[in-house]
Amino acid sequence: PPLEEQLAQGTLWPEVRKLWGHGNNVQAAACHGALLASAAESKTADLADIWLWDTQTWACLGRLAAHSLSVTQLAFSLDGQHLLSASRDRSFAVFTRSTSSPDAGAAPLVLAGKVARAHARMLLAV
């Protein structure tokens, strides 16, 4: 197999940063300003968290729990005040910007609402 250096030379988007934390492959991501949200494949609720990252320091800012299976898509509102997530558990959730101060150690987003079993089948897009 080719080495990582060889792969980097032949790609349009060379790797500049790896984020470690998810237990499985990342399958959804969304970014607004300096806030990145990511979610990985999951068959259990403990691995279905949405992780929040600061794109300037690449530090993990917190985790959002709302789903019991893989999150299939994430999307920020145009103003960045809300994050919408869709999941294979047939639910979608809306998170809103937290009013807590960033120094309090709280995630910058909090769960505003969730609709469980929104559809008869899994949600793939928002």
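**Exercise 1.** In this predicted model, work out where Ser98 lies and whether Ser98 counts as buried or exposed.

*Solution.* Start with the address: Ser98 sits in the loop that links S7 to strand S8 (109-115). Next, grab the relative accessibility, which is 18% for Ser98. The cut-off for buried is under 20%, so at 18% Ser98 goes down as buried. Finally, look at who Ser98 touches: leaving out residues up to four places away in sequence, the contacts are Ala107, Pro108, Leu109 and Val110.

**Exercise 2.** Lay out the open sheet and find which strands stand at its edges.

*Solution.* First, the order: 4 strands line up as S1-S2-S3-S4, with antiparallel pairing. Now for the ends: S1 (26-32) and S4 (60-64) each have a single partner strand, so one side of each has no neighbour in the sheet. Going from one strand to the next, the twist averages 20 degrees. Then zoom in on one pair: S1 and S2 (residues 35-40) run antiparallel and are joined by 6 bridges. Across that pair, Ala29 stands opposite Ser38 in S2.

**Exercise 3.** Describe the largest nonpolar core, then follow one of its residues, Leu74.

*Solution.* Begin with the head count: this core holds 17 residues, and those with the most contacts inside it include Ile50, Leu74 and Phe95. Two or more residues apiece come from S1, S2, S3 (50-54), S5 (71-76) and S7 (92-97). Now pick Leu74: with residues up to four places away in sequence not counted, its contacts include Ala29, Ser38, Ile50, Leu83 and Val126. Notice the link back to Exercise 2: Ala29 and Ser38, both touched by Leu74, are the pair standing opposite each other.

Notes. Residues numbered from 1 in each chain as written. Predicted model: local features only at pLDDT ≥ 70, side-chain atom pairs only at ≥ 80, totals over all residues. Heavy atoms only, no water. Pairing = 2+ DSSP bridges. Axes fitted to C-alpha atoms, helices over the stretch in contact; angles between N-to-C directions. Core = buried A, V, L, I, M, F, W, Y, C linked by side-chain atoms within 4.5 Å. Buried < 20%, exposed > 50% of the residue type's maximum accessible area, 1.4 Å probe, protein only. Contact = heavy atoms within 4.5 Å.
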